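Colleague: I'm new to this one, so bear with me. Could you show it to me and let me quiz you on the terms you use?

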Amino acid sequence: MKKTIFITGATGNMGWAGFRELYNRRNRFNIRLLARDSRKNRKKLSGYLDDPSVTVIWGDLTRYEDVLAGVNGSDYVLHVGGMVSPAADYYPEKTLKVNVSAAENVVKAVLAQPHKDEMRVVYIGSVAQYGDRNPPYHWGDADEPQTPAKYDMYALSKIRAEQIFASAGLKRWVSLRQSGILYPGILKVVNPTAFHVPVGGVLEWATIEDSGRLLAQICEDWVPEEFWNKAYNISSGEQYRMTNYEFETRLLDALGLPGPEKVFEPQWFALKNFHGMWYKDADRLEDYLHFRSNTPVDEYFDTMKSKLPWFYRLAFLAPAWAVRMFMKPFAFEEGLGTQWWVENDKEKFEAYYGSREAYEAIRSWDDVRPAPLDKKFRAVR
């Protein structure tokens, strides 16, 4: 018999990749989606509405009846949906309410099932749960304390939601803490939160394809019983460990633009108070689920570039000064801009820079550019 998979957030980045992977296995899976009823989502799902292996429930994560309709009779629940950045940065209180209430609804619906002990429940957490982890304290694992960065309501919402799943008495649950996701659209994303990220910090990325494959693999019969009731970190592997400076460099290079020194001012970037970590346990999830394609990172960035609309490939024609002028307003945007904080929000300014002395000490890129870091974890004996 085909298994029934219920997935939330299926029209988002990771959820969509997961849905497509599951759809490729529709000879073994029936797939239910919970999606907001919008013109955009109707268009995105239009090619699947007449497929008997796909059921779309038009609804909202914060409505228990909608969640229950998806959970009823399902074998797996993949809870991917929720509010994420940049919306989470603009609407922090709403993010906390939506993400926590969604988790409560999913758990309540699962516990209402007569076959609840046979169900598998997957929650997608976040690297944000670990909080600020700048070098030299940039290595960690799934057992690290969860301490969100100051003002990070998204991280707090993910911590609270995970606790709801872990403490509910579910027979089989798992939390998969997602990192930054690489996908072609990331080359087009420009908003003030880009400057909340310290260039000297680190992140261990996951590709969108690996993330989608992960969601499908977890629904296969061969996943061992010992896998469940734990938390894991999602990662595409050692070669996807980057300092944030390295990531910015790769991103700009993919667009044919010069390095960060030519298009950004070093003072625009915060010095602290943002999440990011390299994983001591990076391969643990891969050992269980075998979801990585192991695409070389340089090749992956080339592939992302090739999937952009043609006019993005002309970005190299823009002079560096013009790119800098385009980016500057985001650094000074009211409310979220790091440079707006300098004169208008003392508490956030100190949270993200430490002190005015630390901020004024940034005189050139030499003051923020990170030193080379060993990307292999070496345990201290």
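Modeller: Sure, and let's begin at one small spot: just after α8, G256 has a positive phi of about 75 degrees. Keep in mind that this is a predicted model.

Colleague: What makes α8 "mostly covered"?

Modeller: Buried means under 20% relative accessible area, and 9 of the 11 residues in α8 are buried. Among them are Y245, F247, L251 and L252, and E246, E248 and R250 are buried as well.

Colleague: Which elements cover the buried residues of α8?

Modeller: The cover includes the strands β8 (181-182), β9 (202-204) and β12 (241-243), plus the helices α9 and α11 (297-306).

Colleague: Why does E246 count as buried?

Modeller: Its relative accessibility is 19%, and the cut-off is under 20%. So E246 counts as buried.

Colleague: How do you know that R250 and E246 form a salt bridge?

Modeller: For a salt bridge, a side-chain nitrogen of Lys or Arg has to be within 4 Å of a carboxyl oxygen of Asp or Glu. Here the N to O distance is 3.2 Å, so the pair meets the definition. R250 and E246 both sit in α8 (residues 244-254), 4 residues apart, which is about one turn of the helix. An α-helix has 3.6 residues a turn, so residues three or four places apart point the same way.

Colleague: What does the salt bridge between E220 and R25 tie together?

Modeller: The closest N and O atoms of E220 and R25 are 2.8 Å apart. E220 lies in the loop between α7 (208-217) and β11 (230-233), while R25 lies in the loop between α1 (13-23) and β2 (29-35), so the pair ties together parts that are 195 residues apart in sequence. Both E220 and R25 are buried, too.

Colleague: And R292 with D283: is each of them buried or partly exposed?

Modeller: Their side chains meet in a salt bridge at 2.7 Å, N to O. R292 has 13% relative accessibility, so R292 counts as buried. D283 comes out at 41%, so D283 counts as partly exposed. Elsewhere, salt bridges that share partners join E21, R25, R28 and E220 into one network. A search of the whole structure finds 24 salt bridges.

Colleague: Why is H275 called buried?

Modeller: H275 has 16% relative accessibility, so H275 counts as buried. H275 is in the loop between α9 (260-263) and β13 (278-279). Leaving out residues up to four places away in sequence, H275 touches V127, A128, G131, D132, D152 and V202.

Colleague: Let's zoom out. How many helices and strands does the chain have?

Modeller: The chain has 15 helices and 13 strands.

Colleague: Why do you call the chain as compact as a globular protein of that length?

Modeller: The radius of gyration is 21 Å, close to the 21 Å that the globule rule gives for 381 residues, so the word fits. Along its principal axes, the C-alpha trace spans about 65 × 50 × 40 Å. Buried residues make up 55% of the chain.

Colleague: What share of the contacts join residues at least 24 apart?

Modeller: It's 81%, among contacts between residues at least 6 apart in sequence.

Colleague: And how far apart are the centres of the positive and negative side chains?

Modeller: The two centres lie 4 Å apart, with 50 positive and 50 negative side chains in the chain.

Conventions: Residues are numbered from 1 along each chain as its sequence is written. This is a predicted model: local features need pLDDT of at least 70, side-chain atom pairs count only at pLDDT 80 or more; totals for chains, interfaces and linings use all residues. Side-chain values use heavy atoms; hydrogens and water are left out. Helices (H or I, at least four residues) and strands (E, at least two) are DSSP runs, numbered from the N terminus. The radius of gyration is taken over C-alpha atoms; the globule rule is 2.2 Å times the number of residues to the power 0.38. Buried means under 20% relative accessible area, exposed over 50%, partly exposed in between (1.4 Å probe, protein chains only). Contact means heavy atoms within 4.5 Å. Lys and Arg count as positive and Asp and Glu as negative; His and the chain ends are not counted. The place of a charge is taken as NZ of Lys, CZ of Arg, CG of Asp or CD of Glu.
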